[in-house]
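Please read through the sequence and turn the model around slowly before going further. The report below is meant to be read with both of them in view.

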Amino acid sequence: MSVIAAHANTYEDRSHEILGLVRRAFAEKGFDGASMQDLARAAGMSVGNFYRYFQSKAAIVEAMCGLDLHEMEQDFIAIRTSGDPMTAIRAKMMEHIGGECQDDGQLWAEITAAAMRKPEVGLASAKMEETIIANLITVFAGVTGRTVEEAAQRYRAQGQLLVMLVKAATIRSSQYGGGDADLTALVGRIIDQVLGEISDDKQEG
């Protein structure tokens, strides 16, 4: 590995480490409430050094979305190669809905609110949702025996609904705390219905 490549990898690794450290500060103080000084302090860095990695809060959000997307892409690879992709999708969704990802819920509540005011944050958030929907459609194509293009035409709305449900439930769980078993069960039944209808809609022949 060249010196330049090694430096790039070190920079990327440090950037990811910083993002992990500032997530909670962002979630707790909010997009507007968290200053760059607050975020630098959470990362254990001077403000000047912090700016070497991220020039603005919007840049931090964009980087967080990118990092989360990478992790989700890995999840979808595991889902697509599992013996039962629909069951794997359901398990991953219920993991978020069941209150196991409250910190993520707080963060996404702040990002959703900021997306209404900051176009660059809105673009990053929209890109993330579209990527998740595209991955869902790819799974649905494999399950039903359709092309990705056909699956996109038939199941895009279902993908959008599933993303909405998981996002809203995760945010609600972070706001009010987990443990609403009846609501969690109801959301689970809706997910089952959507996934079941897709599974039953297999391409004939």
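What follows moves from the chain as a whole to its core, then to two helices, and finally to single residues.

**The chain as a whole**

This is a predicted model, and its protein chain contains 9 helices and 0 strands. Read along the sequence, the pattern is therefore α-α-α-α-α-α-α-α-α, with the helices counted from the N terminus. Along its principal axes, the C-alpha trace of the protein chain spans about 60 × 45 × 30 Å.

Of the 205 residues in the protein chain, 40% count as buried. The protein chain exposes about 11200 Å², and 54% of this area is supplied by carbon and sulfur atoms. When one takes the contacts in the protein chain with a separation of 6 or more, 71% of them are between residues 24 or more positions apart. As for charge, the protein chain carries 20 positive and 29 negative side chains, and the centres of these two sets lie 5 Å apart.

**The largest nonpolar core**

In soluble globular proteins, nonpolar side chains tend to be buried together. In this model the largest nonpolar core has 58 residues, and among these Phe50 and Ile60 touch the most other members. The largest share of this core, 11 residues, comes from helix α7, which covers residues 119–144.

Which residues does Ile60 contact, leaving aside its neighbours within four places in sequence? They are Leu19, Val22, Phe26, Met36, Leu39, Phe50 and Phe54.

**Two helices and their spans**

A helix can be checked by comparing the span expected at 1.5 Å a residue with the separation of its end C-alpha atoms, and the table sets out this check for α4 and α7.

| Helix | Number of residues | Expected span | Separation of end C-alpha atoms |
|---|---|---|---|
| α4 (residues 57–80) | 24 residues | 34 Å | 34 Å |
| α7 (residues 119–144) | 26 residues | 38 Å | 37 Å |

For α4 the expected span agrees with the separation in the model, and for α7 the two values also agree. After α7 comes Gly145, whose phi is positive, near 75 degrees. In α4 the buried residues are Lys57, Ala58, Ile60, Val61, Met64, Cys65, Leu67, Asp68, Leu69, Phe76 and Ile79, a list that includes the charged residues Lys57 and Asp68.

**Three single residues**

Ser15 lies in helix α1, which covers residues 3–29. Is Ser15 buried or exposed? Ser15 has a relative accessible area of 10%, and because buried means under 20%, this residue counts as buried. Leaving aside its neighbours within four places in sequence, Ser15 is in contact with Tyr53 and Phe54, and Phe54 is also one of the residues in contact with Ile60.

Two further residues, Leu183 and Ile191, are found in helix α9, which covers residues 181–199. Leu183 has a relative accessibility of 30%, so it counts as partly exposed, a class that lies between the limits of 20% and 50%. The C-alpha atoms of Leu183 and Ala169, which are 14 residues apart along the chain, are separated by 9.1 Å.

Ile191, by contrast, has a relative accessibility of 0% and therefore counts as buried. Leaving aside its neighbours within four places in sequence, Ile191 is in contact with Arg90, Met93, Met94, Ile97, Leu162 and Leu165. The C-alpha atoms of Ile191 and Gly33 are separated by 35 Å, and these two residues are 158 residues apart along the chain.

Conventions:
Residues are numbered from 1 along each chain as its sequence is written. This is a predicted model: local features need pLDDT of at least 70, side-chain atom pairs count only at pLDDT 80 or more; totals for chains, interfaces and linings use all residues. Side-chain values use heavy atoms; hydrogens and water are left out. Helices (H or I, at least four residues) and strands (E, at least two) are DSSP runs, numbered from the N terminus. Buried means under 20% relative accessible area, exposed over 50%, partly exposed in between (1.4 Å probe, protein chains only). Contact means heavy atoms within 4.5 Å. Accessible areas come from the Shrake-Rupley method with a 1.4 Å probe; for residues, only the protein chains shown count as cover. The place of a charge is taken as NZ of Lys, CZ of Arg, CG of Asp or CD of Glu. A nonpolar core is a set of buried Ala, Val, Leu, Ile, Met, Phe, Trp, Tyr and Cys residues joined through side-chain atoms within 4.5 Å. The expected span of a helix is 1.5 Å times one less than its number of residues.
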